[in-house]
Amino acid sequence: MAKYLVIVESPAKAKTIKKYLGKNYEVIASEGHVRDLPKSDMGVDVENDFEPHYITIRGKGDLLKALRKAASKADFVYLATDPDREGEAISFHLAIALNLKEGKFKRITFNEITKNAVRDSIKNARDINMDLVDAQQARRVLDRLVGYGISPLLWEKVHKRGLSAGRVQSVALKMISDRDAEIEGFIPEEYWTIDALLQVPGQKKPVSFRYTEEVKTGEEAEQIRKAAEKKDFKVASLKESQRKTKAPLPFTTSTLQQTAAGRLNYSTSKTMRVAQQLYEGVEIKGQGTVGLITYLRTDSTRISEEADAAVREMIRHDFGEEYVADEELKDKKEKRIQDAHEAIRPTDLGQKPAALKGVLSDEQYKLYKLIYERFVASRMKPAVSDIFAVTVKNGEYTFRASTSSLSFHGFQLVYPSQEKQETAVNFHGISEDDVLKCADINAEQHFTAPPAHYTEASLVRSMEENGIGRPSTYAPTISVLLARRYVTKEKKELYITELGSAVNSIMEKGFPVIVDQDFTANMESLLDKIGEGTIQWKVVVRNFYPDLEEAIKDAGDTLASVRIADEQSDEICDLCGARMVIKYGAYGKFLACPNFPECRNTKPFFEKIGVSCPKCGKDLVVRRTQKGRIYYGCIDIPQCDFMSWSRPVAKACPKCGALMTFKGKRIACSDAACGYVEVYEPETAE
């Protein structure tokens with residue numbers, strides 16, 4: 001029988017850790033929280049100084065029974081949940097739920113799941129940090145007070161159940177709403193650019209030199225263009241310089257989400273899901289289960305001295321001393337950093353991405369490669385570009401052109417820039433006072449563009465910059481906004497919906513403090529101070545609640561109701577002939593008769609993709625497997641068994657007549673034996 005019991009959060013993590021500890025240790029997963037506030041009521045006793053009422057989470061009874069049994073047989077218990085506030089709280093609740101006696105258990109944490117880190121954590125076992133527990137408890141209670149206080153008011157005013165407000169989500173919703181309003185109210189301003197195409201010795205094509213002053217109107221642009229045609233273009237100055245581009249810092253949660261969105265097209269939730277897999281451990285032949293990256297929820301760019309030394313030695317060996325950075329990069333921006341965590345980095349530089357390509361899933365490989373290369377690049381020297389700028393004079397008018405060429409790759413040898421590299425122009429064949437022949441002068445009209453809609457990545461960046469939320473809350477906040485249908489996503493961009501606008505309007509009018517960015521950022525700062533032990537959690541709640549209570553009462557009395565019309569479908573009710581409407585329930589969309597309660601007919605809702613089933617001719621719809629994976633199947637399943645993992649296109653293969661499906665940026669015949677492929681033309685497919 002094992003002498004020691006180690007309790008972690010996930011089964012994958014348990015499997016990874018077990019192999020490092022040997023037969024005297026049993027490792028069991030709690031599968032997240034075991035106790036929480038009840039779902040049926042607020043669970044916070046406002047009259048008794050905001051005392052939270054915790055209960056066992058439904059469905060966790062058998063698991064708790066097994067954990068209690070294992071704990072009673074063990075000589076000692078180690079609580080090894082995640083190394084953050086949430087993990088500290090889970091350990092606290094486990095100690096209570098398992099009736100662990102003082103002196104019979106300790107808390108252990110590790111930033112990476114490696115043999116050394118796990119074994120060192122046991123040597124450095126400690127008591128539960130109640131300051132961190134209180135910080136999590138304060139966050140949970142505040143969120144519950146806001147959610148359970150305001151949500152019923154939203155149901156009443158918008159006449160829809162299932163709506164919710166949140167201390168962080170409502171601020172994020174307002175940010176998206178404000179951006180949409182800014183775009184809608186944007187008035188473009190006209191401006192013009194004037195480019196002189198000049199013949200440069202040694203260049204086959206004319207080189208474009210741009211007029212350096214601001215031009216507002218077409219009349220002014222045409223006046224300058226005509227005047228410039230009549231005069232010589234004389235070289236006024238030649239300037240050579242160098243530009244250094246610093247290496248990027250290692251990833252934080254926020255920068256990982258942003259970069260994965262831009263480079264890999266991953267949503268924030270997908271990035272966190274895949275990173276969690278890499279952190280908890282992946283099965284590698286001959287090595288067993290291996291944790292490949294450090295903890296994924298962090299806002300620190302710091303790395304350990306050992307990791308710093310190891311990566312510098314690897315760079316020295318693989319690329320040469322000239323590529324090793326002179327000193328450690330530091331983040332100059334003032335942040336609220338939970339510096340107990342390192343930046344996100346690979347746990348072992350020997351686990352090179354190329355060697356794991358056939359071992360990891362495609363999405364795991366891409367994210368691991370991104371994390372690995374970013375970490376290595378962070379300890380490499382800057383990239384150096386040679387800049388050559390030429391200024392020419394045309395009477396009173398000044399035109400300028402410049403070119404850059406990479407003279408030292410530095411970190412870009414490992415982590416190339418995503419910016420488009422322009423072909424360098426060789427200006428070394430000209431000298432000052434040379435006269436350049438003009439091939440043409442073009443004046444072009446432009447209009448200023450409105451700000452871009454938020455994407456998941458840019459929203460995370462803005463939330464971080466404004467102190468809204470923390471690394472663990474960015475992805476869940478966005479997921480809630482999408483799930484509640486307050487926001488919709490089209491081609492990466494986030495748009496507020498009619499429902500979202502109605503909810504945001506109520507929040508702005510009735511609860512301006514809740515949606516105020518400064519207030520929310522200040523609250524996050526107070527939660528950090530609770531975690532640092534400099535302020536008591538109930539003091540924060542006591543100061544917050546009276547204003548919230550008064551605002552809820554005033555909003556209930558003064559705010560007008562808002563009705564959101566149900567979206568009509570093309571389906572006709574089988575019972576009464578009315579056109580059915582799309583409703584939203586706990587499990588997503590469904591069709592309902594608008595004549596409820598006289599007619600209670602409902603049907604499943606399926607999103608049609610505009611393609612007919614090749615087997616029976618009925619509609620193909622978006623479906624999901626039990627595990628949530630999307631596929632495309634016939635609406636008449638199980639009567640018709642057609643399905644496809646790739647999205648079908650409303651076009652038959654011109655070679656064999658079979659159905660065609662999307663394959664990246666191309667469309668291909670679904671019959672592998674045919675092999676026909678063509679470039680995707682939007683007008684030929686839905």
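**Note on strands, cis prolines and positive phi values**

1. P638 sits in the loop that links β26 (630–634) to β27 (643–644). The model is a predicted one. I637 and P638 are joined by a cis peptide bond, whose omega is about 15 degrees.

2. A second cis peptide bond runs from F596 to P597, with omega near 10 degrees. P597 also belongs to a loop, here between β22 (588–592) and β23 (602–604). Most peptide bonds are trans.

3. Which strands lie at the edges of the open sheet? Seven strands make up this sheet, in the order β16-β11-β14-β15-β10-β9-β17, with antiparallel pairing. The edge strands are β16 (435–436) and β17 (438–447), each paired on one side only.

4. Within that order, β14 is followed by β15. Eleven bridges connect β14 (residues 383–394) with β15 (residues 397–408), in the antiparallel sense. One residue pair to look up is I387 and its bridge partner in β15, S404.

5. Strands β18 (residues 487–490) and β19 (residues 493–496) run antiparallel and are joined by four bridges. T488 stands opposite Y495 of β19. Two residues separate the strands of this hairpin, and K491 has a positive phi near 50 degrees.

6. Most residues other than glycine have a negative phi. E31 is not a glycine, yet its phi is positive, about 55 degrees; E31 falls in the loop between β2 (25–29) and β3 (35–36).

7. N265 likewise has a positive phi, near 65 degrees, and lies in the loop between α8 (253–264) and α9 (268–280). Is N265 buried or exposed? N265 counts as exposed because its relative accessible area is 53%, and the cut-off for exposed is over 50%.

Terms used
Residues are numbered from 1 along each chain as its sequence is written. This is a predicted model: local features need pLDDT of at least 70, side-chain atom pairs count only at pLDDT 80 or more; totals for chains, interfaces and linings use all residues. Side-chain values use heavy atoms; hydrogens and water are left out. Two strands pair if DSSP finds at least two bridges between them. Buried means under 20% relative accessible area, exposed over 50%, partly exposed in between (1.4 Å probe, protein chains only).
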